[in-house]
Amino acid sequence: MRSKSRKSLAVLLAGAMMMSMVVLPGMAVPAAAAQFNDTKGHWAETSIIRWSDNKIVQGSDGRFNPDAFMTRAEMATILTNLLVLQETAKNSFADVAPGSWYESAVLKCAAAGIMKGDGTNANPNGTITREEATTMLGRALAIAPSTGDLTFTDKATVADYAKGYVKAMNEKGIIKGISAGVFGAKSSITRASVATILDRAITTYANKKDATVTAKDKGITLVAAPGVTVTGTVEDLLIAQGASSATTSLKDAKVTGTATVNAAKANIKMIGTSSVNQFTVSANASGVALDLDKTAKITSLTTAADTLAVSGTGTIAKMTVTAGKDVTVAKETTVTQLENKGKNDVKYGDKIVKGDGTAEQPSIGDGNTTNPSTPPSSGEFTTLAELERLAQAQAGDAILTVSPDAAITSGG
């Protein structure tokens, strides 16, 4: 009997410690960063203070427990808080109990594709390993996995699903290792380590409504609130679910890496001389509106989302539609090359680019036509090469061009 009592007490204490490590939605913050009595002088003190002040991680009774191991449920809660996740998946996990303190966070991370489990269980109460944490953080922060071999001496221990994220985040200096050259894939990760990884990855965090932030030229600028305006030079931009159904503005901002939109019904305005190297609209970001000022530019735009509407008089060098329906581009927007790899039609002005390998009003220009609504006449095809290209286009397997510098490709 005494043994059972001790076991029950141990379980209760463990549960209490887990609850102290995160801030649940709607839950009062138990301890502010300045009150922690176990972080002063700790190697992660600065990172802990930053993310505690932002109410992403917290402690209890004046303690943060920086060297305690983190559970998968705690990681899900931290990422839910960080991104202000809103969409919830149906509970398909056998070990996520309805009404449990972590149910909402786990299911929101599942809906966002951040937490996948093993197909049956989410293992919420298990400690999270360094490779699992790296993978979840990589998915949450829209970091594209890298290919190629890892440089860690224990690379053979890294699971296949995690290798791309481990490599990408190591290349960016976001993750390092537990010792020189050793990643420690199967080792549990500590609370201090997670706070430090967030700190290295996110250089600008915009979680205040209607705020204007000047981005740093390195790392991720994360927008997780409505009405945010971003200025300055940005390496990577992530517009998270916290910015859904609201306007995010880039004002004379320069994104040298990738801008990723995960916020449904977001209204993105590129103002002034704003430019983006790679603009990605994820599949779960339906209903996005993108407006470009005359001097705004996107080098490459890729979308897999439903109901994307592109407008304005700016320029997109290349636009690729990989999936999604009801994608439209205004006639006034200059798209130098548009490629439709999806199954549904894309509307560009009064032209339809079909996803089945055909197009309405296919044309090859003479160098003077820049608008897809005014195709050239057949008399403008003056060379054998152009005639061959037209024949291939009509067969549905060629590039359909509007001018020598403007291509529309359908099919794929």
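Me: In this predicted model, what makes helix 3 and helix 5 (residues 130-140) roughly parallel to each other?
Reply: Happy to walk through it. The two axes come within 11 Å and cross at roughly 20°. Angles under 35 degrees count as roughly parallel, and therefore helix 3 and helix 5 earn that description. Their crossing is right-handed.

Me: Which residues make the contact between helix 3 and helix 5?
Reply: Helix 3 brings Arg72, Met75, Ala76, Leu79 and Leu83, which meet Glu132, Ala133, Met136, Leu137 and Ala140 of helix 5. By class, that gives 8 nonpolar, no polar and 2 charged residues.

Me: What else packs against helix 3 (72-83)?
Reply: The buried residues of helix 4 do. In helix 4 (residues 103-111), these are Glu103, Ala105, Val106, Leu107, Lys108 and Cys109. They are called buried because each has under 20% relative accessible area. After helix 4 comes glycine 113, with a positive phi near 80°.

Me: How do you know that both faces of strand 5 (residues 236-239) are covered?
Reply: In a regular strand, side chains alternate between the two faces of the sheet. Here Asp236 and Leu238 lie on one side, Leu237 and Ile239 on the other, and all are buried.

Me: What makes strand 3 (residues 220-223) and strand 5 a pair?
Reply: Pairing takes at least two bridges, and strand 3 and strand 5 have 4, in the parallel sense. One of the partnerships joins valine 223 to isoleucine 239. Strand 5 also pairs with strand 7 (residues 254-261), in the parallel sense over 3 bridges; there, leucine 237 stands opposite alanine 259.

Conventions:
Residues are numbered from 1 along each chain as its sequence is written. This is a predicted model: local features need pLDDT of at least 70, side-chain atom pairs count only at pLDDT 80 or more; totals for chains, interfaces and linings use all residues. Side-chain values use heavy atoms; hydrogens and water are left out. Buried means under 20% relative accessible area, exposed over 50%, partly exposed in between (1.4 Å probe, protein chains only). Helices (H or I, at least four residues) and strands (E, at least two) are DSSP runs, numbered from the N terminus. Contact means heavy atoms within 4.5 Å. Axes are lines fitted to C-alpha atoms, for helices over the stretch in contact, and angles run from 0 to 180 degrees between N-to-C directions. Angles under 35 degrees count as roughly parallel, over 145 as roughly antiparallel, 65 to 115 as roughly perpendicular and the rest as oblique. A crossing is left-handed if the near helix is turned anticlockwise from the far one by less than a right angle, and right-handed if clockwise. Ala, Val, Leu, Ile, Met, Phe, Trp, Tyr, Cys and Pro count as nonpolar, Asp, Glu, Lys and Arg as charged, and the others, Gly among them, as polar.
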